[in-house]
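Reader: I am in my first year and would like to go through a structure by question and answer. Please show it, and then we can begin.

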Amino acid sequence: MKIYGVVTGDIKNFTRLSDQKRGKLVSDTEHLLRSMVKHPSDAAIFRGDSYQFIVDDINEVLNKCIRLICWFRLNSGKDSLTRLGTRLSIGIGEIAYLGKNVLDSDGEAFHLSGRNFDKMDKEEIMRLTIFDEAKTNTYQVILMYINLIIKGWTISQAETIYQLLSIEDSTQDKIAKTLKMSQPAVAKSLRAARWKEVEKGISYINSELNKQYFT
């Protein structure tokens, strides 16, 4: 039994951007999404401000979602009055049918992702749902605290975490080189963003998902 993560998301404040900025954001976001999936057809943007993608390894789904959160925060720009954001609903389960692209596909993971996206509060950032309601409730409590931490990230902190999750075999030295800053400054940014606490929450959820599906 193959288990997938399906993510349904939208872009907050998308319509406040100019036509030119909306077009560039859609193009750049689509490119990023397709770099995060196994096949280009596993990711798509639809209705302009909504997107969906399939994650082949459920242990990677939360990190990919946080990378996207940082991406939209960075695309707000430090001097922009329009603060972009995103909401992401993760469904974990089987896929019954893979169509020509992600939007033509169907299965448990799609149902859990899509239906629970419609239930998300406007201020909610991430939600993860599986078939087990009790486990889902546990994950929601953990994600509630992770969401609160993420809401407090500055653009600088989001940029540090984006690089942490983007660079292959990332280290603080590699991040520092990419961002043209010192390694102590990277360490300080990660501490201020409370990344260790976020990482522990992700690790716990991944451990429980592995027990649920693979043992």
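**Questions and answers on the model**

Author: D57 is found in the loop between β3 and α2 (61-74), where helices (H or I, at least four residues) and strands (E, at least two) are DSSP runs, numbered from the N terminus. The model is a predicted one, in which local features need pLDDT of at least 70, side-chain atom pairs count only at pLDDT 80 or more, and totals for chains, interfaces and linings use all residues. Residues are numbered from 1 along each chain as its sequence is written, and side-chain values use heavy atoms, with hydrogens and water left out.

Reader: Is D57 buried, partly exposed or exposed?

Author: Buried means under 20% relative accessible area, exposed means over 50%, and partly exposed lies in between (1.4 Å probe, protein chains only). The relative accessible area of D57 is 32%, so D57 is partly exposed.

Reader: What distance separates the C-alpha atoms of D57 and Q163?

Author: Along the chain, D57 and Q163 are 106 residues apart. In space, their C-alpha atoms are separated by 20 Å.

Reader: How many salt bridges does the model have?

Author: The rule asks for a side-chain nitrogen of Lys or Arg within 4 Å of a carboxyl oxygen of Asp or Glu. One pair that meets it is K64 and E60, at 3.6 Å from N to O. In that pair K64 counts as buried at 15% relative accessibility, while E60 counts as partly exposed at 35%. By this rule the count comes to eleven.

Reader: Where do E30 and R34 lie, and what is the N to O distance in their salt bridge?

Author: Both residues lie in helix α1 (residues 19-35), four residues apart, about one turn of the helix. An α-helix has 3.6 residues a turn, so residues three or four places apart point the same way. E30 is partly exposed because its relative accessibility is 25%, and R34 is partly exposed with 40%. Their side chains meet in a salt bridge with an N to O distance of 3.5 Å.

Reader: Which residue of the pair K211 and E208 counts as buried?

Author: The side chains of K211 and E208 meet in a salt bridge at 3.2 Å, N to O. They are three residues apart in helix α8 (residues 195-214), so about one helical turn separates them. K211 has 49% relative accessibility and therefore counts as partly exposed. At 8%, the residue that counts as buried is E208.

Reader: Which residues do salt bridges with shared partners join into one network?

Author: Some salt bridges share partners, and these form a network. The residues joined in this way are K2, K38 and D56.

Reader: Which residues is N206 in contact with, leaving aside its neighbours within four places in sequence?

Author: N206 is found in helix α8 and counts as buried because its relative accessibility is 11%. Contact means heavy atoms within 4.5 Å. With the sequence neighbours left aside, N206 is in contact with I58, N59 and L62.

Reader: Which elements do the buried residues of α3 pack against?

Author: The buried residues of helix α3 (residues 108-117) are A109, F110, L112, S113, N116 and F117. The elements they pack against are β1 (4-12), β3 (50-55), β4 (85-93) and β5 (126-129).

Reader: Which element gives the largest share of the lining of the largest pocket?

Author: The largest pocket has a volume of about 330 Å³. Of the 16 residues that line it, the closest to its centre are L164, Q172, L190, W195 and E199. The elements that give two or more residues to the lining are α5 (155-166), α6 (172-179), α7 (183-192) and α8. The largest share, five residues, comes from α8.

Reader: How is a pocket found, and how is its volume defined?

Author: On a 1 Å grid over the protein atoms alone, a cavity is a set of points where a 1.4 Å probe fits but cannot get out, and a pocket is an open set with protein on both sides within 12 Å along at least five of seven lines; lining residues have an atom within 4 Å of a point. Grid points are joined across faces, edges and corners, and the volume is the space filled by probe spheres set on the points.

Reader: Which residue that is not a glycine has a positive phi of about 55°?

Author: N13, in the loop between β1 and α1, is not a glycine and has a positive phi of about 70°. The residue with about 55° lies in the loop between α6 and α7 and is exposed, with a relative accessible area of 76%. That residue is K180.
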